[in-house]
Amino acid sequence: MSNKTFKISDGPSLSVTNKHWKKAVLIKNKSLDDVVKNLNSTGLKIALIVDLKGKFVGTITDGDIRRGLLKGFNLKDKIYSIINYKPIFVASLNDKKAASALMKDNYIEHIPVINSIGKITGLFILSGFVASTKKNKSNIKVVIMAGGYGKRLLPLTKNKPKPLIEIQGKPMLEQLILRIKKFGFYEFILSINYLGEMIQKYFKSGKILDVNISYIKENKPLGTAGSLHKLKNIKNQDILVTNCDVFSDIDYTSVVEYHKSNFADATMVVRHYEIPNPFDVVETVGKKFVSFETKPSKYENINAGIYVLNAKVLKYLEKDKKIDMPFFFKKLSEKKLNVLVYPIFENWEDLGNLNNIKNQNKKKFN
């Protein structure tokens, strides 16, 4: 069960128009990839599944997708196995009070409206909860790794640190801070090294962005985890850590909640990545031909550069010892700590190369 706190007074708002909720309707023969694209497009965190005749079958939420990915499903698989065939619903748009009570009692954010013949006629969304989630201040510290040389971005980083490279008219680090701030995080620590004085001069205390910013100054490159040793005196607290050059549409609050609810010591955000194969793969037994598969894709979980750490694990870092986060996670796993992954399907992009910088500057970052 989720540990979210719901504050409902007058009931949830029907915050989607008839046209909007219809965009969340998908036929049950679709793939996980189709649902992911739909969730990213609508922003509703739910897909409403129907059969070929338009009769309501069930729902798929962002949480259902994550659980499916953890079970080994890939984005080309059909959605039959991850559909919630027994979702909670109400029969009429007039059932607002009933929907409110059901949401509160069952810790859910959506209630479909299904009429007597099994057709979808609306969708209640707990819009008040979504808004309050983003406004409530969190005391969790956000550490942003901003000390790298940015060699992949040369010549842009010859005289300017990577975090100050502009995306849509603002430094990428500023865009990232503003994005994370939307989810209630106001305490930031920037780990700086290469041309770090330029970063500190630009952001100062963070007052201009209405956040608090302090700094870890590396005397030498310490990788994506090594500088965290300087925070070892933090007690009984979780820390959100991210590289400065990863942009994503994820809900950072949900990542932290997942970490907490699973009593994790360390959580790594991972993204499902398709590796295409341009060749047919032939299956054999000895010298006998058995079968073949046409250009099959392989799926891997890649490190998304976003983490949540319980402060107690920082004691396993050595002073001024360079270490990257994947190796730190391996070390924690070897010590039998509770090390988890949080799979994401949301839009995610590595801004550590020139092509992705150019692509981001062609579109609006939300």
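Leaving out neighbours within four places in sequence, serine 92 contacts Val113 and Phe124. This is a predicted model. Its strands include seven that form an open sheet with mixed pairing, and the structure holds five aromatic pairs. The points below are grouped by topic.

**Serine 92**
- Serine 92 sits in the loop between helix H3 (62-70) and helix H4 (96-106).
- With a relative accessible area of 24%, serine 92 is partly exposed, because that class begins where buried, under 20%, ends.
- A polar atom of the serine 92 side chain lies 3.0 Å from the backbone nitrogen of asparagine 94.
- Serine 92 and proline 112 are 20 residues apart along the chain, and their C-alpha atoms are separated by 9.3 Å.

**The open sheet**
- The strand order is S10-S9-S6-S11-S16-S13-S17.
- Strand S10 (212-217) and S17 are the edge strands, each pairing on one side only.
- From one strand to the next, the twist averages 30°.

**Strand pairing within the sheet**
- Strand S6 (residues 138-145) pairs with strand S9 (residues 185-192) in the parallel sense, over six bridges.
- In that pairing, isoleucine 144 stands opposite leucine 190 in S9.
- Strand S11 (residues 238-243) runs antiparallel to strand S16 (residues 298-310), and five bridges join them.
- Leucine 240 is placed opposite valine 308 in S16.
- S16 also pairs with strand S13 (residues 266-275), in the antiparallel sense and over nine bridges.
- Tyrosine 273 has glutamate 300 in S16 as its bridge partner.

**Helices on the sheet**
- Helix H6 (residues 172-181) packs on the sheet and touches S6, S9, S10 and S11. The direction of H6 makes about 150° with that of S9.
- Helix H9 (residues 325-334) also packs on the sheet, where it touches S11, S13, S16 and S17. The direction of H9 makes about 80° with that of S16.

**An aromatic pair**
- The structure holds five aromatic pairs, one of them formed by tyrosine 258 and tyrosine 342.
- The ring centres of tyrosine 258 and tyrosine 342 are 4.9 Å apart and the planes stand at 70°, so the pair is edge-to-face; the cut-off for that class is over 60 degrees.
- This pair links distant parts of the chain, with tyrosine 258 in helix H8 (residues 252-261) and tyrosine 342 in strand S17 (residues 339-344), 84 residues apart.
- Tyrosine 342 counts as buried because its relative accessibility is 4%, and the limit for buried is under 20%.

Key:
Residues are numbered from 1 along each chain as its sequence is written. Side-chain values use heavy atoms; hydrogens and water are left out. Rings of Phe, Tyr and Trp (its six-membered ring) pair if their centres lie within 6.5 Å; planes under 30 degrees apart count as stacked, over 60 as edge-to-face and the rest as tilted. Helices (H or I, at least four residues) and strands (E, at least two) are DSSP runs, numbered from the N terminus. Buried means under 20% relative accessible area, exposed over 50%, partly exposed in between (1.4 Å probe, protein chains only). Two strands pair if DSSP finds at least two bridges between them. Contact means heavy atoms within 4.5 Å. A polar contact is a pair of N or O atoms within 3.5 Å; within protein, one must be able to donate a hydrogen and the other to accept it, and residues adjacent in sequence count only if both atoms are side-chain atoms. Axes are lines fitted to C-alpha atoms, for helices over the stretch in contact, and angles run from 0 to 180 degrees between N-to-C directions.
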